[in-house]
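Subject: Structure handover and notes

Dear colleague,

I am passing on the structure we spoke about, together with notes on what came out of going through it. Please read the notes with the structure open beside them.

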Amino acid sequence: MDNDVAGSARFAALPCVPGKIIAVHLSYGSRAAQRGRRPAAPSYFLKPGSSVAASGATVERPAGTELLAFEGEVALIIGRTARRVSRADAWDHVGWVTAGNDWGLYDLRANDKGSNVRNKGRDGYTPLGPALIDARTVDPSGLRVRTWLDGVLVQDDTTAGMFFTPEQLVADLSQHLTLEPGDVILTGTPAGSSVALPGSTVEVEVDAPAAPDHPSSGRLVTHVVGGWGEFDPELGSLPSVDDRQREEAWGSRETAGLSASASVLPPALRAKLERVPVAGLSQQLRLRGLDNVSIDGVRPTRPGRKLVGTARTLRFVPNREDLFRSHGGGYNAQKRIFDSVGEGEVIVIEARGECGSGTLGDVLAIRAKVRGAAGIVTDGGVRDYATVSDVDLPVFSQGPHPAVLGRRHVPWDIDLTIACGGATVQPGDIIVGDDDGVVVIPPGLADEVAEAALTKEAEDAWVAEQVGAGYPVDGLFPMNAEWRARYEAHLAAMTDQEG
């Protein structure tokens, strides 16, 4: 009996127990700008009724996890059955509006692959209420959602900022399934979503400031507590996080307490690396005991282009049909890295030197270009080779191949240590490429190596001038003591002239 009472209390703010809870992945311009991607069409996931909670309830962050994130949202509650309704008629089928909080545990996000079953479907992860706004009394473009974390306003946006409007969401969903009275649509969250810690309180309110009487849902209150953990590794996925998940959960690298993005090379260092040929860098790395830093077997799609940037990594594993079915489709690792690559970053792909399949094509190359990537390096093949060559982006590969991934590869994971063309590459390593090839430079050595290579380039240019003037290479290349003295005198004279 007690369980029945508690169960009914969870739905007390709603007109009835919802048959479906449908949530939108991304719909606000502010959130899309924060994430660096804007989808062409809305996409959705389902949340179970068991995740519904009332205002004042607690939400648990399991022991051993760290990224429990809140998302204040406008929740639509269907009032009339909707099946294949038009955009113009869609709002007539919405009965009420209220506040929702689409909680998610990012530690379980990666393996959900967009379904969000484990990270957003947990008990208590969909609080709704506390009061209903009559949809007939408000303009769907004039709804406001605000969120407070421990009393501080952290989200404040309106439905006017949605690129998929509430009416579009209702009409679109009704093309595919029947929306029934009581069904809930969570319309997405604006910028400002972040992480809440045990002990925190999060409040969400939806209102219509311009409507008569200023209707409001009241504040939907949720208290965060620490909860049970110890997931069984024999049953399924275990929690795991990386800096990319931390950045998305908290909203930015700075908020997550992470250092500035490794993609940002100091301008002076970038300028040096752009001037130095790869052959010179390779020589200096070898002088420092690093012989195995060349990515072998790759060549540029468009000769004459210089590549300088920091590594983001993508690993393909050999194709296995069952693994391709589970990891090859949907929002897989390959799509995730091309959607998240940042300005100045180089996507480096481990394809095991297998060139019997493409590892990217024109669409992904264009996506990387639009995102501001510095380039792409793969020890596999490239589809749509001619088109990729026309994209204004340095791409190094084993050459063209028309086949898609499933012939040889399964996209497996991103942002981990990989092997590409016989070289080990870690996220944040500095990648430099030209017509001679591609080298991997440990970040801590980059400035020293670049400076030494520039010095050696100037010396070699002077030696070439002497050879061009008719001097024999014996004793000049490399320079003996006599020629070294002449060169030092040349440098001194140049310094005096500049002074």
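Which residues does Leu-179 touch, not counting residues up to four places away in sequence? Before the reply, please keep in mind that this is a predicted model. Leu-179 touches Ile-22, Ile-78, Arg-80, Thr-81, Ala-82, Val-170, Leu-173, Ser-174 and Ile-185.

Leu-179 also belongs to the largest nonpolar core, which has 46 residues, and it is one of the members that touch the most others, the rest of that group being Val-74, Leu-76, Trp-91, Val-97 and Trp-103. Several elements give two or more residues to this core, namely strand 1 (21-24), strand 6 (72-78), strand 7 (94-101), strand 10 (144-149), helix 5 (166-176), strand 13 (201-207) and strand 14 (220-227). Helix 5 supplies the largest share, with four residues. A second core, separate from this one, has 23 residues, and Ile-337, Phe-338, Leu-393 and Ile-414 are included in it. As general background, nonpolar side chains in soluble globular proteins tend to be buried together.

For the protein chain as a whole, the secondary structure amounts to 14 helices and 27 strands, and the C-alpha trace spans about 100 × 55 × 45 Å along its principal axes. The chain has 499 residues, of which 50% are buried. If one takes the contacts between residues at least 6 apart in sequence, 77% of them join residues that are at least 24 apart.

One helix pair deserves a description of its own. Helix 10 (residues 333-340) packs with helix 11 (residues 362-370) at an angle of about 30°, the axes being 8 Å apart. Angles under 35 degrees count as roughly parallel, and helix 10 and helix 11 are therefore roughly parallel to each other. On the side of helix 10 the contact is made by Gln-334, Phe-338 and Asp-339, and on the side of helix 11 by Leu-364, Arg-367 and Ala-368. By residue class, this contact divides into three nonpolar, one polar and two charged residues. Phe-338, which takes part in the contact, is also among the members of the second core.

Just before helix 10 there is a loop that follows helix 9 (321-327), and Gly-328 lies in it. Gly-328 counts as buried, because its relative accessibility is 11% and the cut-off for buried is under 20%. Leaving aside neighbours within four places in sequence, the stated contacts of Gly-328 are with Leu-323 and Pro-411. Gly-328 and Leu-405 are 77 residues apart along the chain, while their C-alpha atoms are separated by 8.1 Å.

Asp-107, in the loop between strand 8 (104-105) and helix 4 (117-120), offers the reverse kind of spacing to consider. Asp-107 and Trp-96 are 11 residues apart in sequence, and the C-alpha to C-alpha distance is 33 Å. Asp-107 counts as buried at 4% relative accessibility, and, with neighbours within four places in sequence set aside, it is in contact with Thr-65, Glu-66, Leu-67, Leu-238, Pro-239, Ser-240 and Val-241.

Some backbone details may matter when you look through the model. Gly-129 and Pro-130 are joined by a cis peptide bond with omega of about 0°, and Pro-130 is found in strand 9 (residues 126-134). Phe-477 and Pro-478 are likewise joined by a cis peptide bond, again with omega of about 0°, and Pro-478 lies in the loop between helix 13 (446-468) and helix 14 (481-498). A positive phi, near 45°, is found at His-214, a residue other than glycine; His-214 lies in the loop between strand 13 and strand 14 and is partly exposed at 38% relative accessibility. Asp-415, in the loop between strand 23 (409-414) and strand 24 (418-420), has a phi near 60° and is partly exposed, with a relative accessible area of 21%.

Finally, the cysteines: a search of the whole structure finds zero disulfides. Cys-420 is in no disulfide, and the nearest cysteine sulfur, that of Cys-355, is 13 Å away, whereas a disulfide would need the two sulfur atoms within 2.5 Å. Cys-420 is buried, at 0% relative accessibility, while Cys-16 is partly exposed, at 32%.

With best regards

Terms used: Residues numbered from 1 in each chain as written. Predicted model: local features only at pLDDT ≥ 70, side-chain atom pairs only at ≥ 80, totals over all residues. Heavy atoms only, no water. Buried < 20%, exposed > 50% of the residue type's maximum accessible area, 1.4 Å probe, protein only. Axes fitted to C-alpha atoms, helices over the stretch in contact; angles between N-to-C directions. Parallel < 35°, antiparallel > 145°, perpendicular 65-115°, else oblique. Contact = heavy atoms within 4.5 Å. Nonpolar A, V, L, I, M, F, W, Y, C, P; charged D, E, K, R; others polar. Core = buried A, V, L, I, M, F, W, Y, C linked by side-chain atoms within 4.5 Å.
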